[in-house]
Amino acid sequence: MYLVESKGGAIACMILALLSLGTWPAILTLLERRGRLPQHTYLDYTITNLLAAIIIAFTFGQIGSTKPDSPNFITQLAQDNWPSVMFAMAGGIVLSLGNLATQYAWALVGLSVTEVITSSITVVIGSTLNYFLDDKINKAEILFPGVACFLIAVFLGSAVHRSNADDNKAKLRDFEKAKQEASGPVTEIETNSSKDLETNVTNRTSAKPKEGTASFLIELEKKRAIKVFGKKKIIGLGITFFAGLCFSLFSPAFNLATNDQWNRLKQGVPKLVVYTAFFYFSVSCFIIALILNIGLLYYPVLGLPKSSFKAYLNDWNGRGWAYLAGFLCGFGNGLQFMGGQAAGYAAADSVQALPLVSTFWGVVLFGEYRRSSRKTYLLLLSMLFMFISAVAVLMASSGHRK
């Protein structure tokens with residue numbers, strides 16, 4: 001069995017996990033914006049997410065000979081370690097609930113802000129729990145200032161969402177006003193501002209709307225699976241905070257599964273190795289996702305159309321991208337846990353700075369915050385600065401498990 005033992009190796013795992021975990025949400029968001037039902041996408045995603053855990057277990061978990069205190073994956077499957085298995089599976093359940101909720105939050109709140117708020121809540125609660133579970137192996141004087149940076153980012157993320165939502169409302173109001181003026185005499189059109197003229201011309205031609213304009217927002221609303229116009233901001237933020245609370249619990253549960261801090265295992269039974277725990281963690285994540293998403297096919301939420309399992313099986317539009325997202329998330333979670341077992345799970349929570357990656361994709365792929373107000377840009381930059389500070393501080397707090 002291969003184990004990450006050095007601090008440098010742990011940090012390398014965290015960085016790779018950061019890139020993977022910051023990219024897969026962008027792929028699922030892209031599919032929703034192209035009109036694919038989130039239930040279909042998530043069912044595809046969860047298949048490869050489980051497959052990634054199986055691959056990790058049968059490779060890293062089987063390398064080398066087995067030892068009494070650290071048995072290989074297959075050897076440990078037959079051992080009496082169910083108290084730890086239940087902790088691992090509990091972690092998988094809350095992660096699955098959080099991932100399911102974020103599918104809808106990405107549409108209602110936006111990819112960048114959703115990731116900021118959920119990740120910040122995860123660190124504020126999860127890192128604090130992991131610090132005490134890990135017997136304080138992380139440096140408190142460094143760790144908790146990093147946690148404070150994430151807490152500040154929660155409030156900044158909420159402010160960015162509110163400001164950007166107000167900007168979009170203003171764009172749509174100006175667009176409707178420009179349309180009314182455009183329907184009047186020519187002299188009225190000629191007196192419009194240059195900004196209104198550009199909007200009118202874009203609306204009356206077949207050219208692709210520019211990102212950030214009202215025309216772009218209207219075209220996006222027509223294509224996407226989850227309709228956001230008319231939805232209250234509090235709904236999206238409520239879903240986002242629920243997802244953050246779920247995410248804050250999965251890492252501490254995994255920590256308990258691999259280190260048995262509460263001494264639930266029988267004497268002589270070795271602790272769950274990270275690969276065995278990750279396997280059970282992913283199995284429960286898969287089962288919950290399967291049950292809930294099949295149910296949501298027939299009883300959808302937020303105004304989504306009904307579907308069926310047969311319709312899902314026949315929906316190949318974007319399936320390959322959904323499979324890729326599942327692999328990225330699965331391997332990202334595995335790398336996070338491998339690094340956390342070596343350097344402390346509180347420090348491994350630095351991968352929750354994944355909004356740095358998600359924001360990049362949000363701006364490049366989806367045109368988020370294009371043509372927004374100066375206030376929104378200032379809040380966005382402040383939010384990202386807090387994240388950059390937080391990830392650096394959290395990684396610097398890394399300890400070494402004895």
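This report walks through the salt bridges, a helix crossing, two long-range contacts and a surface patch in a predicted model.

## Salt bridges: the buried network

There are 6 salt bridges in the structure. Four residues, Arg36, Asp44, Asp315 and Arg319, are tied together in a network of them. Aspartate 44 is a good place to start. Its side chain meets that of arginine 36 in a salt bridge, with 2.8 Å from N to O. Aspartate 44 also pairs with arginine 319, and there the closest N and O atoms sit 3.1 Å apart. That second pair links distant parts of the chain: aspartate 44 belongs to helix 2 (residues 38-59) and arginine 319 to helix 13 (residues 319-343), with the two positions 275 residues apart.

How much of this is buried or exposed? Arginine 36 and aspartate 44 are both buried. For aspartate 44 the relative accessibility is 0%, so the residue counts as buried, the cut-off being under 20%. Arginine 319 has a relative accessible area of 4%, and therefore it is buried too.

## Salt bridges: a pair within one helix

Now for a local case. Lysine 222 forms a salt bridge with glutamate 219, and their closest N and O atoms are 3.6 Å apart. Both residues lie in helix 9 (residues 214-223), where a spacing of 3 residues puts them about one turn of the helix apart.

The two partners fall into separate accessibility classes. Lysine 222 comes out at 58% relative accessibility, so it counts as exposed. Glutamate 219 has a relative accessible area of 31%, which means it is partly exposed. The thresholds behind those labels are over 50% for exposed and under 20% for buried, with partly exposed in between.

## How helix 4 meets helix 11

Two packed helices are described by the angle between their axes and the distance between the axes. Here, helix 4 (residues 82-109) and helix 11 (residues 274-298) have axes that come within 7 Å and cross at roughly 40 degrees. Because of that angle, helix 4 is oblique to helix 11; the roughly parallel label would need an angle under 35 degrees. As for handedness, helix 4 passes helix 11 in a right-handed crossing.

## Loops with long-range contacts

Which loop holds aspartate 260? That residue is found between helix 10 (233-259) and helix 11. Its relative accessible area is 9%, so aspartate 260 is buried. Along the sequence aspartate 260 and proline 83 are 177 residues apart, but in space their C-alpha atoms are 8.7 Å apart.

Another loop, the one between helix 9 and helix 10, contains alanine 225. Alanine 225 has 12% relative accessibility and therefore counts as buried. Leucine 304 is 79 residues away from alanine 225 along the chain, yet a C-alpha separation of 7.1 Å is all that lies between them in space.

## A nonpolar patch on the surface

Which residues make the nonpolar surface patch? Tyr298, Tyr299, Phe309 and Leu313 do, and the patch covers about 440 Å². One of these, phenylalanine 309, lies in helix 12 (residues 309-314).

Phenylalanine 309 has a relative accessibility of 35%, so it counts as partly exposed. A patch residue needs over 30% relative accessible area, and the 35% of phenylalanine 309 fits that requirement.

Notes
Residues are numbered from 1 along each chain as its sequence is written. This is a predicted model: local features need pLDDT of at least 70, side-chain atom pairs count only at pLDDT 80 or more; totals for chains, interfaces and linings use all residues. Side-chain values use heavy atoms; hydrogens and water are left out. Patches are made of residues with over 30% relative accessible area and no salt bridge: like charges are joined within 9 Å, nonpolar side chains (Val, Leu, Ile, Met, Phe, Trp, Tyr) within 5 Å. Accessible areas come from the Shrake-Rupley method with a 1.4 Å probe; for residues, only the protein chains shown count as cover. Helices (H or I, at least four residues) and strands (E, at least two) are DSSP runs, numbered from the N terminus. Buried means under 20% relative accessible area, exposed over 50%, partly exposed in between (1.4 Å probe, protein chains only). Axes are lines fitted to C-alpha atoms, for helices over the stretch in contact, and angles run from 0 to 180 degrees between N-to-C directions. Angles under 35 degrees count as roughly parallel, over 145 as roughly antiparallel, 65 to 115 as roughly perpendicular and the rest as oblique. A crossing is left-handed if the near helix is turned anticlockwise from the far one by less than a right angle, and right-handed if clockwise.
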